[in-house]
Amino acid sequence: MFLGRYSHQMDEKGRIRIPPKYKAELGEAPFITTGTNDCLFVYAQPVFLNKFLSKLTDIEISDLEEMDMARIIASNAINAEEDKQGRILLPKHLIDHAGLGKNLITIGALDHVEIWSEEAWEKYTATTTLDNVVKRIAEKRKKA
């Protein structure tokens with residue numbers, strides 16, 4: 001299970017290091033893909049294969065929304081491999097998707113890790129508080 005938050009940096013070539021506490025559980029060559037809220041999702045291979053690939057390969061070709069999701073996740077995913085210095089080179093399309101700059105925040109999100117630009121994370125946490133989320137969930141359950 002991934003918990004906590006870490007500040008770190010991306011170098012000028014787009015290389016990052018996964019925080020050591022997450023690295024062991026992610027294993028060799030985790031999958032990185034576009035995430036929601038302008039971040040990147042990082043999954044250990046078995047979790048990614050189980051959560052996405054096994055399910056998305058079984059979708060109906062006539063379900064256009066599910067096909068869209070499959071295309072977005074698959075076309076943006078990389079099997080991240082570290083160089084000899086323990087860095088992962090992020091491709092431009094992932095850097096652009098998350099608006100990543102030099103300063104990054106990497107968070108644990110239970111079954112996966114998320115990589116955020118420091119600015120996006122600060123904006124997200126300024127407007128998304130636990131109190132607000134609890135109220136929205138309570139309202140949603142009342143309607144159901």
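Is Asp38 buried, partly exposed or exposed? Asp38 counts as partly exposed, because its relative accessibility is 46%. The cut-offs: buried is under 20% relative accessible area, exposed is over 50%, and partly exposed is in between, with a 1.4 Å probe and protein chains only.

Before I go on, the ground rules. This is a predicted model, where local features need pLDDT of at least 70 and side-chain atom pairs count only at pLDDT 80 or more, while totals for chains, interfaces and linings use all residues. Residues are numbered from 1 along each chain as its sequence is written, and side-chain values use heavy atoms, with hydrogens and water left out.

Now the overall picture. The protein chain has six helices and eight strands. Both are DSSP runs numbered from the N terminus: helices are H or I with at least four residues, strands are E with at least two. The order from the N terminus is β-β-α-β-β-α-α-β-β-α-β-β-α-α. The C-alpha trace spans about 50 × 40 × 25 Å along its principal axes. Of the 144 residues, 38% are buried. The exposed surface is about 9,300 Å², and carbon and sulfur atoms supply 55% of it. That area comes from the Shrake-Rupley method with a 1.4 Å probe; for residues, only the protein chains shown count as cover.

Contacts next. A contact means heavy atoms within 4.5 Å. Take the contacts with a separation of 6 or more: residues 24 or more positions apart account for 59% of them.

On to the sheet. Six strands form an open sheet, in the order 1-7-8-4-3-5, with antiparallel pairing. Strand 1 (5–9) and strand 5 (78–79) are the edge strands, each pairing on one side only. Two strands pair here if DSSP finds at least two bridges between them.

Look at strand 4. Strand 3 (residues 31–34) and strand 4 (residues 40–43) run antiparallel, joined by four bridges. Ile32 stands opposite Val42 of strand 4. Strand 4 also pairs with strand 8, again antiparallel, over three bridges. There, the partner of Val42 in strand 8 is Val113. Strand 4 is covered on both faces. Leu40 and Val42 are buried on one side, Phe41 and Tyr43 on the other.

Back to the loop we started with. Asp38 sits between strand 3 and strand 4. So does Asn37. The hairpin of these strands has five residues between them. What is the phi of Asn37? Near 55°, a positive value in a residue other than glycine. Asp38 has a positive phi too, about 60°, and is not a glycine either. For context, most residues other than glycine have a negative phi.

Cys39 is in that loop as well. Cys39 counts as buried, because its relative accessibility is 1%. Which residues does Cys39 touch, leaving out those up to four places away in sequence? Thr34, His97, Ala98, Glu114, Ile115 and Trp116. Cys39 and Leu100 are 61 residues apart in sequence, and their C-alpha atoms are 8.5 Å apart.

Now the helices. Helix 2 (residues 45–56) has 12 residues and reaches 15 Å from its first C-alpha to its last, close to the expected 16 Å. The expected span is 1.5 Å times one less than the number of residues. Phe48, Phe52 and Leu56 are buried in helix 2. Down the helix 2 axis, the buried residues fall within an arc of 25°, so they line one face. The arc is that of the directions from the helix axis to the C-beta atoms. The buried residues of helix 2 pack against strand 3, strand 4 and helix 3. The face turned away from them carries the exposed residues Pro46 and Asn50.

Helix 3 (residues 64–76) lies across strand 3 and strand 5, at about 130° to strand 3. Helix 5 (residues 118–127) packs on the sheet too, touching strand 1, strand 7 (103–108) and strand 8 (113–117). Its direction makes about 100° with that of strand 8. Axes are lines fitted to C-alpha atoms, for helices over the stretch in contact, and angles run from 0 to 180 degrees between N-to-C directions.

Last, helix 6 (residues 130–143). How many of its 14 residues are buried? Zero: helix 6 is hardly covered. Helix 6 reaches 20 Å from first C-alpha to last, close to the 20 Å expected.
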